[in-house]
Amino acid sequence: MWLEIFTLLVTVLLMVIAAEQVSFYRQKSWLPGPTSVLPFIGKIVDMVSRPFDFYEEQRRYGNLSWTGIMGRFFLFIADTHVMRQVFSNMDDAFRLQLTLGAPVLLGKDKNIAYMNGPPHKALRKMLLPLFTRQALGVYLEIQEKTIREHIDRWLAESKDSDEFLEMRPRIRDLNVHTSYQVFVGPYIQDTAMMECMSKLYFKMNEGFLAVPLNFPGTTLWYAARARLELIRILTPMVSASRQHTASGGGVRCLLDVWMQAVKVASAAEEGEEAAKITAKHNEDEEIAYHVLDFLFASQDASTSSLVWMVQLLHDHPDVRLKVQEEQRELRPNDEPLTPDIVEKMTYANQVVREVLRYRPPVTMVPHVAVKDCQLTDNYKVKKGTIIIPYLWAPQHEDFANGDSFDPDRWQPEKRTDAHSRSFLVFGAGPHVCLGQRYAMNHLTAFAALLVTQAKWNRKVTEDGDKIIYLPTIYPKDGLLVRLAGASA
């Protein structure tokens, strides 16, 4: 009897394995990729243990390739044109997947990344006033103040210690503090509240890299609880900003800009459907959720780019010198930053674009096909396929000498079609990043202030030039530097 049961179980197992492998074989069609993958787990071990090498090996298969991970068929895309097709059809054939735990942490029914169609368009339209030139000027003043404070803190740390500072966690703190100050700064009661909110965000962020199991005691469960606690703290801030704006108070942060935009949208809305959408997004808790969306969007990618900025400016002293010279011309007396001055930072802006191109913080953006779709002339994607646009590929393959760091490639006379077609760091299509100008200003301001306030030496380590995923990319050693005042 037991032998019969065992035989039956083995037979069923072999049938399931065979069904999976046959399914992969049919879906891959002519696509290149691994000769075979392990049953059930596929290539998950390689992807988790050595992600950068895994993605690069996959890229070498060609513009389109396949693999299997955790029983799912994965389609890797390294071709710019096909990537743009995916990004442009997110209202129809494809949806953002992000990490497996992301829907729990971000709220699949509330987060703008998961919205599509008319609700998504309506929300984006409401959010556009948050990123006008006037609004960005308000944020820039806050960004500058926070960046200066943190650079001063780093200088003091280096002065009091002979140890090299690990910059990744320090830049992470700079970013989260900047975001909180820009978004809701006047409504944060004190330093203790700021630190509490920062710890909650970091706890929430841990969930993105956790095993996607959501039950009491798991990392994802604690992360989801941190998210709800942040919403509880942010919701009264929305109410306070609403009251401040209604009483004629001036704009001091993004939340105040939002409250003004809501008033204008409510007055200008046309039709019953528009009124419903406006009313929904006008609720205090709903706005708190979207503020948290902005916090998430502004953190990991910017932290990655700022870390690489510090490393690349150190490793290319000629570039750092040119940024310094431009600052001396534009701000000879360390004048405050303004939108006009930042726009005139031609070379610093070139450096920012090159940092983003050379080390794109988000190297892949998982999507899922929600229906069968003819992706290319000779390949049809099946519903349920996980699609991985590998953004690293066009940033390096479509540009001349793409593996070299060269800010001069962004000079107007040197630009080619690749500069507009293949620069996909902020995405494309209906979900293109709303806050890209805000992010660019933040990186430019940081570069301008860092080179005028400090000089630094990087500790060269064995892991310094290796790339890790957290989930955005960083130097494996966390970037170890010692800073001194610029005039020291």
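**Exercise 1.** In which sense do strand E2 and strand E8 pair, and over how many bridges?

*Solution.* The model is predicted: local features require pLDDT of at least 70, side-chain atom pairs count only at pLDDT 80 or more, and totals for chains, interfaces and linings use all residues. Residues are numbered from 1 along each chain as its sequence is written, and side-chain values use heavy atoms, leaving out hydrogens and water.

Step 1. Helices (H or I, at least four residues) and strands (E, at least two) are DSSP runs, numbered from the N terminus. Two strands pair if DSSP finds at least two bridges between them.

Step 2. E2 covers residues 72-77 and E8 covers residues 386-389; they pair in the parallel sense over four bridges. Within this pairing, Phe74 has Ile386 of E8 as its bridge partner.

**Exercise 2.** Place these strands in their sheet and identify its edges.

*Solution.* Step 1. The sheet is open and has five strands in the order E1-E2-E8-E5-E3, with mixed pairing.

Step 2. Strand E1 (64-69) and strand E3 (94-96) each have a single partner strand, so one side of each lacks a neighbour in the sheet; these two are the edges.

Step 3. On average, neighbouring strands are turned by 30° against each other, direction ignored.

**Exercise 3.** Describe how helix H15 meets helix H20.

*Solution.* Step 1. Axes are lines fitted to C-alpha atoms, for helices over the stretch in contact, and angles run from 0 to 180 degrees between N-to-C directions. The axes of H15 (residues 317-330) and H20 (residues 436-453) come within 9 Å and cross at roughly 95°.

Step 2. H15 is therefore roughly perpendicular to H20 (65 to 115 degrees).

Step 3. Contact means heavy atoms within 4.5 Å. H15 contributes Arg320, Val323, Gln324 and Gln327, while H20 contributes Ala447, Ala448, Val451 and Thr452.

**Exercise 4.** Compare the expected span of H20 with its end-to-end distance, and state how far H20 is covered.

*Solution.* Step 1. The expected span of a helix is 1.5 Å times one less than its number of residues. For the 18 residues of H20 this gives 26 Å, and the end C-alpha atoms are 26 Å apart, which agrees.

Step 2. Buried means under 20% relative accessible area (1.4 Å probe, protein chains only), exposed over 50%, and partly exposed in between. H20 is mostly covered, with 15 of its 18 residues buried.

**Exercise 5.** Is His314 buried or exposed?

*Solution.* Step 1. His314 lies in helix H14 (residues 300-315).

Step 2. The relative accessible area of His314 is 18%, so this residue is buried.

Step 3. Apart from neighbours within four places in sequence, His314 is in contact with Trp456, Asn457 and Arg458.

Key. Parallel < 35°, antiparallel > 145°, perpendicular 65-115°, else oblique.
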